[in-house]
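Visitor: Please take a close look at one place where two helices pack, residue by residue, and then carry on from there to whatever connects with it.

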Amino acid sequence: MSIPDLAIVAALVFCWGAVSARLERYDVTAPIIFLLAGMVLTHGPVAVLAARPSHELVKGLAEATLVLLLFSDASRVGLPGIRADPGLYLRLLGIGLPLTIGLGMLAALALFPGRGIWVALLIGAALAPTDAALGSGMMLNPAVPARIRRLINVESGLNDGIATPVVTVAIAGIASGGEGSAAGPGVAAAGLVAGALAGGAIGAAGGWLVRRGRDRGWADDSFSGAAVLGLAVCAYAAAIAAHGNGFVAAFAAGLTYGSAAGRPGERLVPFVEESGALVSLLTWLAFGAVVVIPALEDLTWPVLLYAGLSLTVVRMLPVAAALTGSGLRAGTVAFVGWFGPRGLASVVFALLALEELGPAASRPAMAVITLTVLFSVLAHGASAQPLARRYGALLSSGQAGRGAAAELPVRRLTRRGGGPAGG
């Protein structure tokens, strides 16, 4: 990237930060701005950026974003955080998420025959994780019961980490030459185990040290946040060095760190989140610059149909099946099913597939993932506030608020909040 290009990108980040709260009142979110900027600044008559991001830069951004995303989401939720409503979380993550991946894979096999099972699995798994930040208008709306906001938030915080191994195996299957070869997926599966073990151990040790250091006054508050950022990177790099999966290591490290560090360690996670927020803006920019235009050129009716199905049937039917018998009202189940935005995790998975497989091998999946994310950014961003108000008006505040648990902060792309208000 040239110096003028760097100046343009830095100015864009600054301008967004200066007016973000104002724009978000009109449901104009960071993904919308930076995705469009990536497209406009690299294509067409006002393409002022001299060059598009290099493959090395795109891969580095995608990997850094995913590491910080997985670690911060997992540590923010933590193992103790799941105890607030364990039955509902287990239903969504243990039943709903696998069903979503499976149904998404079957839909891809039906609509894109001849692409192979690994491509179908990549599409289904990459589009299974949700991103609560894209529905931040709903997540911050006190009209929605705290328990429901927390349910959506915890699901979003954990499902990307659970889907990551499936995406890794699918990419390995495509790279190994098709469904007839098991060498690639087998090696990838072994790497997942090694990554989980390495990351879990590093996160637990780091969390214990942070807690002990804070209790004894050993830690300097001005540098403690950077120390946790270093822990996330350490878990990723150590797993890679041990021939494990670095992304799974980051997720496992976040889970065990959040559990071992407790409340003292939780206050240090926002530094990682804010670092991830900056990198995520650049990732959306790169996504718009590198992926969106080629994906639109491959637009066909099966791609359009799959995008629509992914945001509705493929998401909402598994959620309905998972929450059957949970005691939640039908309107609540539908509300949770709709608010499964596809966002940053899906974007990062698409960029990783592009860089690992190359344009030719990854092209069948790129158009589907890209268009689904585009639809989700617009549809969920626009519907967050109106549907939240309508849903809140239909519920009795006394019944809806019963059993509400303490809330978690929502991942934000611009500013860190103390969690959804009210409830």
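Guide: The axes of α13 (313–323) and helix α14 (residues 330–338), which are lines fitted to C-alpha atoms over the stretch in contact, come within 8 Å and cross at roughly 135°. That angle, taken between N-to-C directions on a scale from 0 to 180 degrees, makes α13 oblique to α14, oblique being what is left once angles under 35 degrees count as roughly parallel, over 145 as roughly antiparallel and 65 to 115 as roughly perpendicular. From α13 the contact (heavy atoms within 4.5 Å) takes Arg-315, Met-316, Val-319, Ala-320 and Leu-323, and from α14 it takes Val-333, Ala-334, Val-336, Gly-337 and Trp-338. Sorted by class, these residues are eight nonpolar, one polar and one charged, where Ala, Val, Leu, Ile, Met, Phe, Trp, Tyr, Cys and Pro count as nonpolar, Asp, Glu, Lys and Arg as charged, and the others, Gly among them, as polar.

The model is predicted, with local features needing pLDDT of at least 70 and side-chain atom pairs pLDDT 80 or more, while totals for chains, interfaces and linings use all residues. Numbering starts from 1 along each chain as its sequence is written, and side-chain values use heavy atoms, without hydrogens and water. Helices are DSSP runs (H or I, at least four residues), numbered from the N terminus.

From α13 the picture leads on to an enclosed space, for Arg-315 and Val-319 also line the second largest cavity, together with Leu-92, Gly-96, Leu-97, Thr-100, Ala-128, Glu-155 and Asn-159. A cavity here is a set of points on a 1 Å grid where a 1.4 Å probe fits but cannot get out, and lining residues have an atom within 4 Å of a point. The structure holds two cavities of 30 Å³ or more, and the second largest contains about 50 Å³ of space, the volume being that filled by probe spheres set on the points. At least two lining residues come from each of α4 (86–111), α7 (146–175) and α13, and α4 gives the most, with four. By class the lining of the second largest cavity has four nonpolar, three polar and two charged residues.

α4 in turn packs against helix α5 (residues 117–126) at about 130°, with axes 7 Å apart, and these two helices are therefore oblique to each other as well. Ile-101, Gly-104, Met-105, Ala-108 and Leu-109 in α4 meet Ile-117, Ala-120, Leu-121, Ile-123, Gly-124 and Ala-125 in α5, a contact of nine nonpolar, two polar and no charged residues.

α7 leads to the largest pocket, to whose lining it gives the largest share, five residues. A pocket is an open set of points with protein on both sides within 12 Å along at least five of seven lines, and this one offers about 490 Å³ of space. Its lining has 21 residues, of which Thr-168, Ile-171, Asn-245, Phe-247 and Glu-356 lie nearest the centre. Alongside α7, the elements giving two or more residues to the lining of the largest pocket are α3 (55–81), α8 (183–216), α9 (221–241), α10 (246–266) and α15 (344–394). Eleven of the lining residues are nonpolar, seven are polar and three are charged.
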